[in-house]
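Please take a look at the protein below and turn it around slowly. Then let us walk through it together, one step at a time.

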Amino acid sequence: MPKLDDHDRADRRTRILDAAKECFVRHGFHSASMQQICAAAGMSAGNLYRYFPSKDALIAGLCARDMEEAAAGFAQVRRSADILASLEALMVQHLCGSERADYALWAETTAEGTRNAAVAALGLRVHGFIRDMLEDIVRQGIAAGALRADCAPRRIAMFLIALFDGLVVQLIRVPDYDPRPDIAHTMRLLRADLLPAKTKRPDPTQRRLRMPPSRVGVAPK
């Protein structure tokens with residue numbers, strides 16, 4: 001058989017991961033079989049097992065792909081002059097531009113992590129990766145003077161992760177839920193808390209209304 005080049009191998013991996021995602025969402029992690037995934041990918045079990053020997057390996061592949069996509073998004077945030085605006089845009093992009101199957105897969109793997117130590121470890125790896133990326137972005141903002149010097153990068157990163165996770169739950173629970181107003185409202189609160197205090201200039205109106213010091217008891221000159 002002719003050897004596959006890197007591009008063909010990448011295409012096959014993508015096809016297998018897309019098929020696994022479809023089957024996990026449709027049947028659940030436990031009910032989905034490798035045979036069903038092979039059928040969805042349109043390849044034999046022998047070919048599929050060369051790339052992914054188990055369902056845990058498929059979950060690991062899906063997590064790795066998610067981390068690559070997250071890294072690309074965070075790279076755009078790093079290049080932005082307005083970090084908070086870019087984070088807001090990135091959150092809107094993922095929460096409004098993804099398929100419902102992506103949210104269902106998130107819920108499926110999160111639930112599986114409560115029963116499967118290997119999947120739980122993968123979930124922690126993804127969580128730690130995103131947390132560290134967000135922390136670095138906050139530190140970059142502090143160094144550039146775009147965020148307050150006393151910001152706590154870990155606290156902010158954990159808050160943003162909790163916000164994202166909570167909005168995903170709402171998208172799963174409420175089919176017509178639009179997260180954009182809630183994202184915008186939360187980011188306004190973050191700006192009020194995290195942006196450096198601007199130097200306030202005296203209001204000339206207040207200067208005109210200021211009363212002269214009392215001269216009671218002072219003898220006229």
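Following the protein chain from its N terminus, you meet the elements in the order α-α-α-α-α-α-α-α-α-α. That makes 10 helices and zero strands. Keep in mind that you are looking at a predicted model. The mean pLDDT of the protein chain is 87, and 86% of its residues reach 70 or more.

One stretch deserves some caution. Over residues 199-218, pLDDT stays under 50, and the model has one contact beyond four places in sequence for them. Where pLDDT is low, the predicted coordinates should not be read in detail.

Now for the chain as a whole. Of its 221 residues, 33% count as buried. The accessible surface of the protein chain is about 13900 Å², with 57% of that belonging to carbon and sulfur atoms. How do contacts link the sequence? Among contacts between residues at least 6 apart in sequence, 69% join residues at least 24 apart.

Let us pick out helix 5, which covers residues 83-97. Its 15 residues, at 1.5 Å a residue, should span 21 Å, and the end C-alpha atoms are 20 Å apart, so the model agrees with the expectation. At the N-terminal end, Asp 82 acts as a cap for helix 5, with a side-chain oxygen 3.4 Å from the backbone nitrogen of Leu 84.

Which residues of helix 5 are buried? They are Ile 83, Leu 84, Ser 86, Leu 87, Glu 88, Leu 90, Met 91 and Leu 95. As you compare their numbers, remember that an α-helix has 3.6 residues a turn, so residues three or four places apart point the same way. The cover over the buried residues of helix 5 includes helix 4 (55-78), helix 6 (100-112), helix 7 (117-143), helix 8 (153-173) and helix 9 (180-194).

From here we can step into the largest nonpolar core. It holds 29 residues, of which Phe 74 and Leu 87 touch the most other members. Helix 4, helix 5, helix 7, helix 8 and helix 9 are the elements that give two or more residues to this core. Helix 8 provides the largest share, eight residues.

What does Phe 74 touch, leaving aside its neighbours within four places in sequence? Phe 74 is in contact with Leu 87, Leu 90, Ile 130, Met 133, Leu 134 and Ile 137. Another core, of 25 residues, lies apart from the largest one, and among its members are Cys 38, Leu 48, Cys 63 and Leu 122.

Terms used:
Residues numbered from 1 in each chain as written. Predicted model: local features only at pLDDT ≥ 70, side-chain atom pairs only at ≥ 80, totals over all residues. Heavy atoms only, no water. Helix = DSSP H or I, 4+ residues; strand = E, 2+ residues; numbered from the N terminus. Expected span 1.5 Å × (residues − 1). Buried < 20%, exposed > 50% of the residue type's maximum accessible area, 1.4 Å probe, protein only. Contact = heavy atoms within 4.5 Å. Polar contact = N/O pair within 3.5 Å; in protein donor to acceptor, adjacent residues only side chain to side chain. Areas by Shrake-Rupley, 256 points an atom, 1.4 Å probe, with all protein chains shown as cover. pLDDT = per-residue confidence, 0-100. Core = buried A, V, L, I, M, F, W, Y, C linked by side-chain atoms within 4.5 Å.
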